[in-house]
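Colleague: I should be grateful for a close look at one part of this protein, namely its salt bridges. Please explain them for a first-year student and place them in their surroundings.

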Amino acid sequence: CTISRNNATNNNWGGISLSSSSNCTIVENNVTESYYGIHLVDSTDCIVTGNSVSKRNSGYSIVVYRSYDNLIHHNNFINHFIYAYGKSNNIWDNGLEGNHWDEYGGVDADQDGVGDTSYALDTNNKDNYPLMGTFYDFAVSSEEETYHITATSNSTISNFGVVHDDKSIKMITFNVTGLNNTMGFCRVMIPNSLMNGNYTVLVDGSPVFHRILPCSNSTISYLYFTYFHTEHEVVIIPESPCALILLLTIIGTSIIAATRKYRTAR
C-alpha cells in the first residue's frame, strides 16, 4: 500500500499507523497534534519519507515497535519525541541524508547542511546523517517526466518555481526568510538531467559564493550556499550564454516595469 499526501490532525491516537505490514510506503504526509504521529507495529521493509510531523501534545512523533528494516529518511520531526522499542532495528538515512530533528544538538563544522555527528534514538537505531534544517521536496516536469529538486535549509522556503524550455530547466527561483541578521543556509539537490553545468547562485540579484558538495556525482549535484537572513529571492542558473541572456532579459523587464510603475505613481 501507499499512504501519500494526506493531512492528519487532532487525532487522539495515531495520525498514520501500520500494523503487521510490509513493503508499504508512507510519503509526503503532514501530521499535526496527534498522540502518535507515525506508528509502525510488527512492520518490515516499509519506506517512510518526505513526511512532516509536528506540534505534538503529549505523545510521540514516531513510534516503531517490533519493526525491522524500515527505511525512514527525509522526514521533518518538529517538537518530537521518538520511541523505538521491542528490539526494533531500522534504517534512518539513505547513506547521504537522514531526517531533520529539531532537537538535534550537533554542529555542521564542514558546512554541508548535514550534522557532523549521528543522532542516536537508542542502541539499535540512529540517524547517521541528521539534517541541519527543514527538508523540502519540489516536483518539476520536463519532457513529460517528473523530477525532484530537494532542499535542506534553516530558512522558510516559499514561491518555488522554475523557468524551462522543452529540453531542460534554465532557472530555479524561490524565496527564503528567517530571523533577521542570523546566518541562513541552503543545501540544494538538482538532477543533472534537468540542469547540468557550472552554476551561478544569485541572492537578490547578486552572485554569492557556493560549493558543489563532494557527494555530487554524474546524476545529481548538491549546491551549498549561505546568506544573512532577511527575506531574499534566490535564483540558480547554469553558467551558459543562453541562461545569462534569459536572466538579463528577466531582470531588465523587472526594472522597466518598476520604472513605469514609479513614473505612473508620480
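Modeller: By the rule applied here, the count comes to three salt bridges. They belong to a predicted model, and each can be followed from its two side chains to the strands around it.

Let us begin with Arg-5, which forms a salt bridge with Glu-28; the closest N and O atoms are 2.9 Å apart. This pair links distant parts of the chain, 23 residues apart: Arg-5 is in the loop between strand E1 (2-4) and E2, and Glu-28 is in the loop between strand E4 (25-27) and strand E5 (30-32). Arg-5 counts as exposed because its relative accessibility is 61%, and the cut-off for that class is over 50%. Glu-28, at 27% relative accessibility, counts as partly exposed.

The strands that flank these two loops take part in open sheets. E1 and E4 belong to a sheet of five strands in the order E1-E4-E7-E10-E13, with parallel pairing. Its edge strands are E1 and E13, each of which pairs on one side only. Neighbouring strands of this sheet are turned by 15° against each other on average, with direction ignored. Within the sheet, E4 and E7 pair in the parallel sense over three bridges, and Ile-26 stands opposite Val-48 in E7. E2 and E5, in turn, belong to an open sheet of five strands in the order E2-E5-E8-E11-E14, where the pairing is again parallel. The edge strands there are strand E2 (7-9) and strand E14 (100-101), each pairing on one side only. In this sheet, two bridges join strand E8 (residues 52-54) to strand E11 (residues 76-77), and the two strands run parallel. Ser-52 has Asn-76 in E11 as its bridge partner.

The next salt bridge is formed where the side chains of Asp-42 and Arg-66 meet, at 2.8 Å from N to O. Here too the pair links distant parts of the chain, 24 residues apart: Asp-42 is in the loop between E6 and strand E7 (47-49), while Arg-66 is in the loop between E9 and strand E10 (68-73). Both residues fall into the middle class of accessibility: Asp-42 counts as partly exposed at 29%, and Arg-66 counts as partly exposed at 37%.

What surrounds strand E6, which is named as one boundary of the loop of Asp-42? Six of the six residues of strand E6 (residues 36-41) are buried, so this strand is largely enclosed by the rest of the structure. Strand E3 (residues 14-19) pairs with E6 in the parallel sense over five bridges, and Leu-18 stands opposite Leu-40 in E6. E6 is also joined by five bridges to strand E9 (residues 60-65), again running parallel. Leu-40 has Val-64 in E9 as its bridge partner. Leu-40 therefore has a partner in E9 as well as the residue opposite it, Leu-18. Val-64 is also one of the members of a separate core of 20 residues, a second one in the protein, which includes Val-31, Val-48 and Val-53 as well.

The remaining salt bridge is the one in which the side chains of Arg-187 and Glu-97 meet, at 2.6 Å from N to O. Arg-187 lies in strand E21 and Glu-97 in the loop between strand E13 (89-91) and E14, so the pair ties together parts that are 90 residues apart in sequence. Arg-187 counts as buried because its relative accessibility is 3%, and the cut-off for that class is under 20%. Glu-97 is buried as well, with a relative accessible area of 2%.

Strand E21 leads on to the largest nonpolar core. That core has 22 residues, among which Phe-174, Val-188, Phe-225 and Ile-236 touch the most other members. Strand E21 (183-191) is one of the elements that give two or more residues to this core, as are strand E20 (169-177) and strand E25 (220-228). Leaving aside neighbours within four places in sequence, Ile-236 is in contact with residues including Phe-174, Val-188, Ile-190 and Phe-225. In soluble globular proteins, nonpolar side chains tend to be buried together.

To summarise, the pair of Arg-5 and Glu-28 joins an exposed residue to a partly exposed one. Asp-42 and Arg-66 are each partly exposed, whereas Arg-187 and Glu-97 are each buried.

Note on methods: Residues are numbered from 1 along each chain as its sequence is written. This is a predicted model: local features need pLDDT of at least 70, side-chain atom pairs count only at pLDDT 80 or more; totals for chains, interfaces and linings use all residues. Side-chain values use heavy atoms; hydrogens and water are left out. A nonpolar core is a set of buried Ala, Val, Leu, Ile, Met, Phe, Trp, Tyr and Cys residues joined through side-chain atoms within 4.5 Å. Buried means under 20% relative accessible area, exposed over 50%, partly exposed in between (1.4 Å probe, protein chains only). Helices (H or I, at least four residues) and strands (E, at least two) are DSSP runs, numbered from the N terminus. Contact means heavy atoms within 4.5 Å. Two strands pair if DSSP finds at least two bridges between them. A salt bridge is a side-chain nitrogen of Lys or Arg within 4 Å of a carboxyl oxygen of Asp or Glu. Axes are lines fitted to C-alpha atoms, for helices over the stretch in contact, and angles run from 0 to 180 degrees between N-to-C directions.
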